[in-house]
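Hi everyone, thanks for coming. I'd like to walk you through one model today, so let me put it on the screen.

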Amino acid sequence: MIVGLSKEEFYSRATGPYWEKTRDARWEYSSTAIGWVEKQKAERVLELGCAGLALFHGSDTMDVAVETQPTFLRDATETPWPIADKTYDVFVALQVFEHLLGKQQAVFAEVMRVSRQAILSVPFKWKDTNLPDHNDIDERVIAQWTLGVP
């Protein structure tokens, strides 16, 4: 069974400018995802775009940043992924889908193909003119991105 990071592990690894201002908020939704995955007794987890901080011991990761040393060094919008069907029990993407440049539906189709379940978090109903791709994500947008899958 996959085990998530403890709060102490998360805080000790979430260092540097990227994490400083948002560490507490990120722990809040990350710990919720960790608890849910652990409750499912998942054995294989794929994390997308975790900024070098995988939330689960032994998970696989996918990222475009070589410095994060992902399992799959890949732009998730380039589909299909080189992963067999239903390889993963759970796919996790926290605050990532809004960055997929209009290719959310294709990426979500791959998520459904390679995993049995998914956890996504997005900046729901944010209004921030400095981050245009974070704005106006509501139930309608999420339903489009996830092909109507709740």
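**A helix across the sheet**

Let's start with helix α4, residues 104-114: this helix lies across β2 (45-48), β6 and β7, and runs at about 140° to β7. A word on terms: helices (H or I, at least four residues) and strands (E, at least two) are DSSP runs, numbered from the N terminus. Contact means heavy atoms within 4.5 Å, and axes are lines fitted to C-alpha atoms, for helices over the stretch in contact, with angles from 0 to 180 degrees between N-to-C directions.

Before going on, the housekeeping. This is a predicted model, where local features need pLDDT of at least 70 and side-chain atom pairs count only at pLDDT 80 or more, while totals for chains, interfaces and linings use all residues. Residues are numbered from 1 along each chain as its sequence is written, and side-chain values use heavy atoms, with hydrogens and water left out.

**The sheet**

In what order do the five strands of the open sheet come? The order is β5-β4-β2-β6-β7, and the pairing is parallel; two strands pair if DSSP finds at least two bridges between them. At the edges sit β5 (72-73) and β7 (115-121), each pairing on one side only.

Let me go through the sheet from the β5 side. β5 pairs with β4 in the parallel sense over two bridges, and there M62 stands opposite F72. Next, β4 and β2 run parallel and are joined by three bridges. Across that join, L48 stands opposite M62 and E47 stands opposite T61. Then β2 pairs with β6, also parallel, over three bridges, with L46 opposite F91. Finally, β6 (residues 88-94) pairs with β7 in the parallel sense over six bridges, and V92 has I119 as its bridge partner in β7.

What about the two faces? In a regular strand the side chains alternate between the two faces of the sheet. For β2, both faces are covered: V45 and E47 on one side, L46 and L48 on the other, all buried. Buried means under 20% relative accessible area, exposed over 50%, and partly exposed in between (1.4 Å probe, protein chains only). β4 has both faces covered too, with D60 and M62 on one side and T61 and D63 on the other, all of them buried.

D60 deserves a moment. This residue lies in β4 (residues 60-63), and D60 counts as buried because its relative accessible area is 16%. Setting aside neighbours within four places in sequence, D60 is in contact with R44, V45, L46, E47, T71, F72 and Y88.

Over at the β7 edge there is Q117, which counts as partly exposed because its relative accessibility is 30%. With the same four-place neighbours left aside, Q117 is in contact with W36, Q40, D89, V90 and F91.

**The cores**

Now the nonpolar cores: sets of buried Ala, Val, Leu, Ile, Met, Phe, Trp, Tyr and Cys residues joined through side-chain atoms within 4.5 Å. Which members of the largest core touch the most other members? Of its 21 residues, they are L46, M62, W81, I83, F91 and F97. β2, β6, α4 and α5 (139-145) each supply at least two residues of this core, and α4 gives the most, with four.

F91 has contacts beyond four places in sequence with L46, L48, W81, F97, V111, S115, Q117, A118, I119 and L120. There is also a second, separate core of 18 residues, which includes L5, A33, L55 and L94.

**The rings**

Last stop, the aromatics: how many aromatic pairs does the structure hold? There are six. Rings of Phe, Tyr and Trp (its six-membered ring) pair if their centres lie within 6.5 Å; planes under 30 degrees apart count as stacked, over 60 as edge-to-face and the rest as tilted. F10 and W19 form an edge-to-face pair, 5.9 Å centre to centre with 85° between the planes. Y18 and W19 have ring centres 5.0 Å apart and planes at 85°, so this pair is edge-to-face. W19 is buried at 9% relative accessible area, whereas Y18 is partly exposed at 46%.

Ring pairs link F10, Y11, Y18, W19 and W27 into a cluster. R26 lies over the face of W19, 5.5 Å from the ring centre; a charge sits over a ring if NZ of Lys or CZ of Arg is within 6 Å of the ring centre and within 35 degrees of the ring normal.

That's my tour; I'm happy to take questions.
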